[in-house]
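Subject: Structure for you to look at

Hello,

Here is the structure I said I would pass on. Please open it and read my notes alongside.

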Amino acid sequence: MTSTDMPSPDTVFDAHQSLGYAIKRAQQALRLRMDRQLKELGLTAPQYNVLCSLDAEPGASNARLARRAFVTPQTMQSMLVKLERAGLIERSPDAEHGRIQRTQLTEAGQDTLTKAHRCVHETEVIARNAASPDAAEMLLRVAEALS
């Protein structure tokens, strides 16, 4: 985008037509749809995120999981307690740092994650079909530019 593509400073800014608002609306719609689909498995979208993160990085710490899920460590602790009670994860003290809990998926957690992937895939297909071919890459570029 060039400076000539930008609205002039005299143009009234319509927040509801902004890129940021569109991204947030899309994120909210995606989250609600995922929550509806994952509910049958007893999961929420953030819990699904945690299971995906543990699949990609077994033994991840609470702090690492919180960063990946965009939540506070306190919120992550609560999520982990629920997932552990459901038998989807197990936690054990780190061998070198006793205060750090290492978390991994259980067999039931892996099975649930496989089913959850199928649910979420439907939403991903709908979203990608509604978007331009490079939409995901464009959004990643926007996130990187704003970070």
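Q74, K82 and R85 are exposed on one side of helix α4, whereas M76, M79, L80 and L83 on the other side are buried. Buried means under 20% relative accessible area, exposed over 50%, and partly exposed in between, with a 1.4 Å probe and protein chains only. The buried four share a side of α4 because they cover an arc of only 100 degrees around the axis, taken from the directions from the helix axis to the C-beta atoms. This is a predicted model, in which local features need pLDDT of at least 70 and side-chain atom pairs count only at pLDDT 80 or more, while totals for chains, interfaces and linings use all residues. Residues are numbered from 1 along each chain as its sequence is written, and side-chain values use heavy atoms, leaving out hydrogens and water.

Helices (H or I, at least four residues) and strands (E, at least two) are DSSP runs, numbered from the N terminus. The cover over the buried residues of α4 includes α2, α3 (62-69), β1 (89-93) and β2 (101-105); contact means heavy atoms within 4.5 Å. Just after α4, G87 has a positive phi of about 80 degrees.

Helix α2 (residues 45-56) also packs with helix α5 (residues 107-130), at about 115 degrees and with the axes 10 Å apart. Axes are lines fitted to C-alpha atoms, for helices over the stretch in contact, and angles run from 0 to 180 degrees between N-to-C directions. From α2, Y48, L51, C52 and D55 meet G109, Q110, L113, A116, H117 and V120 of α5.

Regards
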